[in-house]
Amino acid sequence: MAEWLDTISTHWFWLSLGLALGAAELASPGRYLMWIALAALIVGGLDYFLPITVAYQVAMFVTLSVITVFTGKKFMQNK
């Protein structure tokens with residue numbers, strides 16, 4: 001069906017997702033998507049250097065998304 005998906009490295013998916021979310025942040029008001037984009041970029045970077053399974057990548061993305069959103073919210077309140 002979609003054999004070309006098997007040829008794409010997962011780190012490219014995460015890096016592309018991070019860039020797409022960053023671009024969406026520029027087009028929308030607020031400061032929420034940039035923290036999720038940061039989480040995707042971190043997962044993509046880690047996946048490039050470390051052999052991580054997809055299940056761990058998704059778990060890392062969810063965890064990092066929560067951490068970056070709450071840290072970013074706290075950081076933005078101080079300004």
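In helix α4, the buried residues are Gln57, Phe61, Leu64, Ser65, Thr68, Val69 and Gly72. These buried positions pack against α2 and α3. The helix comprises 24 residues. From first to last C-alpha, α4 reaches 34 Å, close to the 34 Å expected at 1.5 Å a residue. The model is predicted.

Ser65 lies in helix α4. Its relative accessible area is 11%, under the 20% limit, so Ser65 counts as buried. With neighbours within four places in sequence set aside, Ser65 is in contact with Ile36 and Ala39. Ile36 and Ala39 are among the buried residues of α3.

The buried set of α3 consists of Trp35, Ile36, Ala37, Ala39, Ala40, Val43, Gly44 and Asp47. These residues pack against α2 (10-27) and α4. Helix α3 has 17 residues, which should span 24 Å at 1.5 Å a residue. The end C-alpha atoms of α3 are 25 Å apart, in agreement with that expectation.

A nonpolar patch occupies part of the surface. Its area is about 590 Å². Leu38, Ile42, Leu46, Tyr48, Phe49 and Leu50 make up this patch. Leu50 sits in the loop between α3 (33-49) and α4 (54-77). Leu50 has a relative accessible area of 45%. This value falls between the 20% and 50% limits, so Leu50 is classed as partly exposed.

At the level of the whole chain, four helices and zero strands are present. The order along the sequence is α-α-α-α. Of the 79 residues, 27% count as buried. The protein chain exposes about 5,800 Å². Carbon and sulfur atoms supply 73% of that area. Among contacts with a separation of 6 or more, 55% join residues 24 or more positions apart.

Confidence varies between elements. The chain averages a pLDDT of 89, and 90% of the residues score at least 70. Helix α3 has the highest mean pLDDT among the elements, at 95. Helix α1 (residues 4-7) has the lowest, at 64.

Notes
Residues are numbered from 1 along each chain as its sequence is written. This is a predicted model: local features need pLDDT of at least 70, side-chain atom pairs count only at pLDDT 80 or more; totals for chains, interfaces and linings use all residues. Side-chain values use heavy atoms; hydrogens and water are left out. Patches are made of residues with over 30% relative accessible area and no salt bridge: like charges are joined within 9 Å, nonpolar side chains (Val, Leu, Ile, Met, Phe, Trp, Tyr) within 5 Å. Accessible areas come from the Shrake-Rupley method with a 1.4 Å probe; for residues, only the protein chains shown count as cover. A salt bridge is a side-chain nitrogen of Lys or Arg within 4 Å of a carboxyl oxygen of Asp or Glu. Helices (H or I, at least four residues) and strands (E, at least two) are DSSP runs, numbered from the N terminus. Buried means under 20% relative accessible area, exposed over 50%, partly exposed in between (1.4 Å probe, protein chains only). Contact means heavy atoms within 4.5 Å. The expected span of a helix is 1.5 Å times one less than its number of residues. pLDDT is the predictor's confidence in each residue, from 0 to 100.
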